[in-house]
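Student: Could we go through this model together? I would like to ask about whatever catches my eye.
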Amino acid sequence: MRNSRSFLVISFLILSLIQLFYVYNKIRIQERIINNGETYLFVMQENDPLDLLRGTYLELYFKENSFKIKDSFGLKPNQRIWVELRKDADGFAHIKQLYLDIPKNLNQVVEAKIGSVSGRNDETIVYIDYPFKRFYYNEGVAKQLDSLQFQTSSDTKTSFARVIVWKGNAIVDEIYINGIRINK
Amino acid sequence: MSLKEDLKDLLDHQIIDPQTAQKIKEYYHHKAGEKSSRLLIVFAVLGTFLIGAGILLLIAHNWSQFPRSIKSILAFIPLLISQSVGLYVLFQKSNIKFWTESVSIAISFGLIIALALVSQIYHIQESSSQLVFWWVILSIPLVYLFKSKSLGLFLFVLSAYYLLQNFHSDKHYLYLLLWLLLWPFYYGLEKKHLHDRTSLFLYFYRWTIAISLLLFVFSFFSNRFSLLTLVGVLSIYYLIGENILKERNFFKNPYKWIGILGILGLFIFSSFNFFWEKKESLFTLQFQWVPELVLLILVVLGYLYLIIKRKKTEQDLPYFSFLFVFFILIYLSAYFFDFTYIFGILSVLIISLNLIVQGERKKRLDILNLGLVSFFIFIITHFFSNDISFVYRGVAFILTGIVLIGINYYFLKNIKK
């Protein structure tokens, strides 16, 4: 009786540690990206901010979401793809090239999915589904968004997301709409 | 008569001795105490949940003010608290059901709260099905450690949710993994049920498992699901119910009744012309040999077992077992005739009439009602498919309603006599 109880207790302790470790590990992975990664600014498309609301998160749409290639290479939606980025002088991100297989050098690379492919003449446009589309927020943000509107002129780069990229992984850190930081 | 009077009466008539009377008294006294403490624990659990939820809301209100590190630490708190209570329960209260049941659920919820909060803090783009998968995997050991029936059932339901989320993807195989990990616990309940037939919980388990297995089969065959495979699956369900579970009651035997209701539904569909119109798609079968062959072998073995078993006990084969074969015959006739739906109409009429007569003879209200209901569904659906004025439809519905109530009333009265 006593033996079986200590067996139970020990297994329970092990299980508890595994559960805690699993949660901790998730945090650790994200912290590693934040601490080691490089920051890119992704310009967001003009949109009514309230259209972004998706219940518990905002769905972000980025301007730099497509890439022209010459051949379609039989690309299909939902296929995994690796996007190499480049930064301009202001820190805004642009797509440098796409990889169909995991590249050897993962610096400046984000793993993403193909959203859709459209072909016209010799040109194929690949639309990219970034893994940092969601921005979770609390109730205060909805009110904040209500008072904002995206500026219509497309030259201004005041609505953007700060994204941290490290070895193929990426997380969205902050978003700015009309230059105003949106609190989580 | 109260218990005291009962005991006195039994003592007076020397059916029990004073010692036994004392024991019985103590037993009931103890039982009553257990009941009231149960109620207390339920309220305690509810209270803890409310307090926990309140604290979470307070935190969430000022959530954005906290730095990320504090948020991450806060995410662990519900899990840590529930785990500590779990440890206490294992040491002190491991025999008290309500403690083990509630604390195992609390830990499981502590886990999902932690996971969800971390996903939010770092904006992790995870699909909900991925989250659910790990939630279930990491909660399954709790079911065994605490012998928690309610958590077990909850996890079966959650894994069915996971299956639905991945209905068309390859990941539905991972559902089988969750299912296999939970199965031994369910099997233990079934075994225990053989000794004391009191577990109401078990029937919920049976229904959950029967329905989610059916979903899995749909998901497995997905785009090459043909009418024949459907009949095969339904007959296997029926045979499982008849051969293994053996129970008559609707609530206790989901397999049998899913099979029966399914095949009756197919018969009603078959009485419409549109059902047979796309002949090509009905008869061009996309077979992948192994699964369909396994299905066929299982059906044949199930029938053989049923026939041998019934011969030994010199019973007739159950009526419903013929329906599946009968439906296949109608299906095959569609290959030769263009008016198969007429066979469908005839068979629905014959079957429902037969069920009504059988129910009347065997004094079984469920069979009688099954016949009546299938007859009326047949009538009602056919009325809707044609251009019949609302007046006639209304009259038809009223009449069918009256007949349904009337026959049941008459039947119940006769049984009472």
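Student: How many salt bridges does the count come to over all chains?
Tutor: The count comes to 13 over all chains, where a salt bridge is a side-chain nitrogen of Lys or Arg within 4 Å of a carboxyl oxygen of Asp or Glu. Before going on, note that this is a predicted model, in which local features need pLDDT of at least 70 and side-chain atom pairs count only at pLDDT 80 or more, while totals for chains, interfaces and linings use all residues. Residues are numbered from 1 along each chain as its sequence is written, chains are lettered from A in the order in which they are written, and side-chain values use heavy atoms, with hydrogens and water left out.
Student: Which residue does Glu59(A) meet in a salt bridge?
Tutor: Glu59(A) pairs with Lys133(A), at 3.6 Å from N to O. The pair links distant parts of the chain, 74 residues apart, since Glu59(A) is in strand β3 and Lys133(A) is in the loop between β8 and β9 of chain A; strands here are DSSP runs of E of at least two residues, helices are runs of H or I of at least four, and both are numbered from the N terminus.
Student: And how many does the rule find across the interface of chain B and chain A?
Tutor: The rule finds 1 there, and Glu31(A) and Arg68(B) form a salt bridge at 3.2 Å, N to O.
Student: Which element gives the largest share of the side of chain B that touches chain A?
Tutor: That is α3(B), with 11 residues. In total, 36 residues of chain B are in contact (heavy atoms within 4.5 Å) with 31 residues of chain A.
Student: What area is buried between them?
Tutor: About 3300 Å², with carbon and sulfur atoms giving 66%; buried area is the accessible area (1.4 Å probe) that two parts lose on being put together, summed over both. In chain B, Tyr122(B), His123(B) and Gln125(B) lose the most area to chain A, together 22% of what that side buries.
Student: Switching topic, which residues lie nearest the centre of the largest pocket?
Tutor: Pro131(A), Gln125(B), Glu126(B), Ser127(B) and Gln130(B) do, out of 35 lining residues. A pocket, on a 1 Å grid over the protein atoms alone, is an open set of points where a 1.4 Å probe fits, with protein on both sides within 12 Å along at least five of seven lines, and lining residues have an atom within 4 Å of a point.
Student: Which element gives most of that lining's largest share?
Tutor: The largest share, 6 residues, comes from α1(A).
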